[in-house]
Amino acid sequence: MYIRPVQPDDLDNLCILAKNSGVGVTSLPDNKQKMQAKLERSLTSFDKTRPVHDRQYLFALMDEKTNAMAGICALEAAIGHDEVWYNYHVGKSVHASSDIGVHKVTQTLYLSNDLTGSSEIATLFLMPEYRGNQNGQLLSRSRYMFLADFPELFGESIIAEMRGYSDENGNSPFWESLGRHFFQMEFSDADYLTGLGNKAFIAELMPKFPIYVPMLSQAAQETIGKVHPQTEPALAMLMSEGFEFNNYVDIFDAGPSVSAKIKDIRAVKESKLFNVALSENAPEADLTDKHGLLLVSNRGFEDYRVILINKAAASDGSIVLSKAQANILNVQEGSQVRAVSLRPTENK
Amino acid sequence: MYIRPVQPDDLDNLCILAKNSGVGVTSLPDNKQKMQAKLERSLTSFDKTRPVHDRQYLFALMDEKTNAMAGICALEAAIGHDEVWYNYHVGKSVHASSDIGVHKVTQTLYLSNDLTGSSEIATLFLMPEYRGNQNGQLLSRSRYMFLADFPELFGESIIAEMRGYSDENGNSPFWESLGRHFFQMEFSDADYLTGLGNKAFIAELMPKFPIYVPMLSQAAQETIGKVHPQTEPALAMLMSEGFEFNNYVDIFDAGPSVSAKIKDIRAVKESKLFNVALSENAPEADLTDKHGLLLVSNRGFEDYRVILINKAAASDGSIVLSKAQANILNVQEGSQVRAVSLRPTENK
Amino acid sequence: MLVVRPSTFVDLPSIERLLNETDARVTTLPKDRDKLSEKISRSDDAFGGSGDPDKPASFLFALEDTETNELHGTCGIDTHAGSGYPFFNYRLDEVVHASHHLDISSRVPILFLSHELTGKTLLQSFTITPSLKDTDAFELLSRARLLYIAAQQERFNSEVIVEIQGIFNEKGDCAFWDAVGRKFFDLDFLTADYYCSVKSKTFMSELIPQHPVYVPLLPDEARANIAKNHEAANRTCQLLYREGFSQSKFIDPFDGGPVLTGNLHQSYTMRTLKSKKAKPSNVIGGLKYLISNQSASDFRCTIGTLVDGIGETIRIPLEIAEALNVQEGDSISYSPL
Amino acid sequence: MLVVRPSTFVDLPSIERLLNETDARVTTLPKDRDKLSEKISRSDDAFGGSGDPDKPASFLFALEDTETNELHGTCGIDTHAGSGYPFFNYRLDEVVHASHHLDISSRVPILFLSHELTGKTLLQSFTITPSLKDTDAFELLSRARLLYIAAQQERFNSEVIVEIQGIFNEKGDCAFWDAVGRKFFDLDFLTADYYCSVKSKTFMSELIPQHPVYVPLLPDEARANIAKNHEAANRTCQLLYREGFSQSKFIDPFDGGPVLTGNLHQSYTMRTLKSKKAKPSNVIGGLKYLISNQSASDFRCTIGTLVDGIGETIRIPLEIAEALNVQEGDSISYSPL
């Protein structure tokens, strides 16, 4: 399995992924035209014909045996550039009067465009039959290698927006208590519309004034900054890389936004450069050994590649690859690659 | 020179400092009653009779030769507890219309109480005749040792509010463009009133709605988040410890607030515990060698002490002190002390 | 005979008794002797006419039975609602949320904190012995204020406002308060109300939430009570509607009760008010009128029957003249009941 | 004879010529043929009465010289200001900033974005050949709309509003715009104005700043121009004041010009309007009146002299009857000039 940028002939592959991703993944609409546009955007990002701030880099997880596309993930260079990026900033209002001995801190939601210009950990989808075998880890964390290799293409900070809490029927208590009053539609519809990139309606319909949290239903209050149960593993992965809740939440479902400075991301900070040595004795990657794996990138750009190798392959300044591995990475003896432990060490 | 908590008989000393501090240092009003109250607050903080969140710890820099008080500094356990803590949050408003091709990011100031509950690097004043000889550094950075020794008494984050820009006549362009319209008083008066702890008038007079920065004068816009020239060294010191601008500014002069997680402060993170060894051969501290000094704290609480010693005194796990140094620190052979380099290493 | 006159310090215990008898919410009449005494003192200054006539003044009147000397009610006027500080209300407005693209358009009701009524003439401190509630005395006490204003128009804004008690139950629970103010003031309704009457205004600006309140976010009961008056205020509302007052867009920020507004010159009292020279006589028959002596400092107003005709003099019953402290040739003003 | 009648597609080139002749700012009349054609089409539907009568409709009238068939002006009515979308204004209000402790109290003027006028009857699209500006034709064109509304009252809100052109100079610089809107729209005044007339309403809600504007933060010139009308609108204002309109608290969010509001029923036109059966005759002398045929779909209005008397019939000059397309026995309505 390896990571590479999407290619011009990937449209059919992408459409299959989109079809399989379901309604939960709004950034992968089951719509050929939309997916075509998404592909175009990535291709013009990787060939650098698109302005730096407008790029979205789409990566595919490929199965070298079948040549099937197993999953996809993306990095957005800068959010809120051609559209307006909305969040609620979770702030505090303090009402205090020494005269009558009242001191009350009230959580308050401010409609905000503050995250405009940040980079974003965007879309991720892995085909169900490929779950397991570290594929999710490889797909997700390979992006940090790209950030480490090309920090100049991104902002200082990067965010990830986490799907917020909704119950088993797909109802979001936050939406029921707030958005519904203004949007006159179901949560899923609103979410779908934004996924399609149709954000003008948000400016038109959103409540513009700050919302005092105690005015929302108890259930809504409790979901502010809370992720969907299915998103908890993704959140845990981000936290393990150093991401933290930044006090911004989604305007529809109040899911948290987490952020990190790119230079402080664990995989970025700890990754190192190595010289490639080719050898038939390169140790095989043991995918059952969670902590025995390294992410390795070829530091290429339009032919970017990332694979997993055995930790034992790395020693001071050099790394041993098999012929097959080197072929996938498109590197030779003496090439420079970047590598880092797939996961942070446990006791960290 | 050494640092210790203020003591019951320090009132006269404090009043002398207050008299010398001038109008710029609003937290040290030249008013015996106010200073008495300040002293009381610190005494009840160090004897733990005051609730944890309401404590302010006042430290004095003492000259052991003359027993004169050379300076003072403070740590506030939690701000905004019995009063309301105001800042402007510097946020973004984005106005965009794809229809007519406009995309405009506007800095916007939101009146905010968000920093409520943070700890604070508060007051610092050093008598003019004691400036130099690392006294300023000792006074200021000794606080990080206290934070390292007693993190449980503070919040997760700590802030410092920096004096904002004003011109040589003491005029703040930000105040002239904004506050004056609402407060009908001079900047210095408003500042003085808050310094006295009289904050009710802020709630009464402050503009409550967000302020679009482009509506302010050019000069005012330029001072947002800018410190007073005299405060630049203090800012540089905080930055060297890992503090960063947190997008909150003062409501009167738009001076920046900077913050750090306590665990991430350089002196906290890098400080280590050592066992004391007494020796007449303990190297003397060379105050002219900026990078050759260590801060050493005795890890006491109500008898807290910090001094500067020669870096060469420290070796793996133990530190050599002279009899005199040990007396000041009130430690014996085998006592455990905390030490860290006074300054971060240059190439950091 | 029931007469409305300026209150004096002598009235203090009677007012306290009155406040205990009635459970109407009279925020402007504190159940605290010092504050009450302060209020009468301010009123004294106002009637005395000392001080800058452009500065806020506050008048307090008493309804007295001249036979028993018993006090049966109070009413008041503030020349400037808020008395120089913000007079807080919520202004019920709507915001339109419409999307061209989605063809959605809806109007969302919203409450904006407003100072707009600051400085208007405020009728307040109305309280009356329960047994007199359904008598003409109610009208006398309420409308006497307009007769006082009529005689002193230069001191008053011609826009007149009255805050009407909103809905709360016997236990003192107020759904609107619980949904809005309580979340910030951390006090139950009655306590907040009490503080309002005895504390300085500072705490209001310190505690009142500054951001608008989206009405759809409020619980049903609170929403339903917006701009609704308490049953106990029905008579007051009826009387004011007849005067030409109407519901405004403003509501009380505490209990959500309506604020009625009216223009002095378009009020029934002003439109029907006449002023003539009095001639105390034995008068028999006629229609019932509110009659006042037009005095700024020693105001008297009562109900009597008059036979109005042409000419610049009107005969008034001897006992009325006595009650109003009016001699032959003094001006009186009168308006039909 | 000058007659006001519904506009038709035939008027398109004439309206374009008219818009080029006058430099008045007529946002509701786009200088773009497609948009203009769309507007006439909407007006056609409105006059035709097709569609839900409760839905927003927009009428466009033309002033035609029946002798030369030349077009000399236009005017319009929207049944619902905003046509179902928010109708944006700034509402000039005040907030009171007062400190008990410091004994400071001041009123700070502030502009709140408001949708309050959404859905009122809006008079718009007024433009007239410059040479006719100081003639009765001006009054005919402006007031004809009220006669149309009078004949169709159920279709219109009785609260009527007019946006009056604010102050900008020959170069198209508008101090208010530069201080407020421009900072967010990133466009000069004329371009923004142009977009307003040709683009969908979406961009307004996308770009207009949502937070209130503190007036003291504005530069002097912008502040001074708040609620001030452009000299070119003097005649319009005078006429509307005489109609009983007055300045409201609302101003245009682009140029800061005033919004005048009036109640239909209290307007001069409505108060003086009579309706009688027409009897076309040779009439000599009399007073000048606006006369309309009261038709919803084929409306005509002109100026003629009438001698009004008692009785349910009125004689009207033959040429007026012809211009109004009125036969003996048809109803006409008229109001004095």
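What follows is a walk through the side-chain pairings of this structure, ending at the contact between two of its chains. Please keep in mind that the model is predicted.

Let us begin with the aromatic rings. Over all chains, a search of the whole structure turns up 85 aromatic pairs. One of them joins C:Phe47 and C:Tyr148, whose ring centres are 5.5 Å apart and whose planes stand at 70 degrees, an edge-to-face arrangement. This pair bridges distant parts of the chain: C:Phe47 belongs to helix α2 (residues 33-48) of chain C and C:Tyr148 to helix α3 (residues 136-150), with the two positions 101 residues apart. If you look for them at the surface you will not find them there, as both C:Phe47 and C:Tyr148 are buried.

Chain D offers a pair with another geometry. Here the centres of D:Phe59 and D:Phe156 are 5.7 Å apart and the planes meet at 40 degrees, so this pair is tilted. It, too, links distant parts of its chain, with D:Phe59 in strand β2 (residues 58-65) and D:Phe156 in the loop between α3 (136-150) and β7 (159-163), 97 residues apart. How accessible are D:Phe59 and D:Phe156? D:Phe59 has a relative accessibility of 0% and so counts as buried. D:Phe156 has a relative accessible area of 9%, and because buried means under 20%, D:Phe156 is buried as well.

Rings can also gather in groups. In chain A, one aromatic cluster is formed by A:Phe46, A:Tyr57, A:Phe59, A:Phe146, A:Phe150, A:Phe154, A:Phe301 and A:Tyr304.

Some rings have a charge for company. In chain B, the charged end of B:Lys226 sits over the ring of B:Tyr165, 4.6 Å from the ring centre. In chain C, C:Arg242 places its charged end over the ring of C:Tyr268, at 5.5 Å from the centre.

C:Arg242 also leads us to the salt bridges. Side chains of opposite charge can pair when their charged atoms come close. C:Arg242 does this with C:Glu139, the closest N and O atoms being 2.9 Å apart. The two partners come from distant parts of the chain, C:Arg242 from helix α9 (residues 234-243) and C:Glu139 from helix α3 of chain C, 103 residues apart. Their surroundings can be read from their accessibility: C:Arg242 is partly exposed, at a relative accessible area of 43%, whereas C:Glu139 counts as buried at 5%.

In total, the structure holds 69 salt bridges over all chains. Another one is found in chain A, where the side chains of A:Arg141 and A:Glu241 meet at 2.8 Å, N to O. A:Arg141 lies in helix α3 (residues 135-149) and A:Glu241 in the loop between α8 (232-240) and β9 (244-249), so to speak a link between distant parts of chain A, 100 residues apart. Both A:Arg141 and A:Glu241 are buried.

Turn now to chain D, where D:Asp93 and D:Arg91 form a salt bridge with their closest N and O atoms 2.7 Å apart. Both of these residues are buried. They are part of something wider: salt bridges that share partners join C:Arg91, C:Asp93, C:Glu116, C:Lys249, D:Arg91, D:Asp93, D:Glu116 and D:Lys249 into one network.

What about the cysteines? The search of the whole structure finds 0 disulfides over all chains. For D:Cys75, the nearest cysteine sulfur is that of D:Cys301, 9.3 Å away, and D:Cys75 is in no disulfide. With a relative accessibility of 0%, D:Cys75 counts as buried. D:Cys237 is likewise in no disulfide, the nearest cysteine sulfur being that of D:Cys174 at 15 Å. D:Cys237 is buried too, with a relative accessible area of 3%.

Our last stop is the contact between chain A and chain C. The area buried between these two chains is about 2,900 Å², and carbon and sulfur atoms give 66% of that area. On the chain A side, A:Ile100, A:Phe209 and A:Met215 lose the most area to chain C, together 24% of what that side buries. How many salt bridges cross the interface of chain A and chain C? The rule finds 1. A:Lys104 forms a salt bridge with C:Asp186, and their closest N and O atoms are 2.9 Å apart.

Terms used:
Residues are numbered from 1 along each chain as its sequence is written. Chains are lettered from A and ligands numbered from 1 in the order in which they are written. This is a predicted model: local features need pLDDT of at least 70, side-chain atom pairs count only at pLDDT 80 or more; totals for chains, interfaces and linings use all residues. Side-chain values use heavy atoms; hydrogens and water are left out. Rings of Phe, Tyr and Trp (its six-membered ring) pair if their centres lie within 6.5 Å; planes under 30 degrees apart count as stacked, over 60 as edge-to-face and the rest as tilted. Helices (H or I, at least four residues) and strands (E, at least two) are DSSP runs, numbered from the N terminus. Buried means under 20% relative accessible area, exposed over 50%, partly exposed in between (1.4 Å probe, protein chains only). A charge sits over a ring if NZ of Lys or CZ of Arg is within 6 Å of the ring centre and within 35 degrees of the ring normal. A salt bridge is a side-chain nitrogen of Lys or Arg within 4 Å of a carboxyl oxygen of Asp or Glu. A disulfide is a pair of cysteine sulfur atoms within 2.5 Å. Buried area is the accessible area (1.4 Å probe) that two parts lose on being put together, summed over both.
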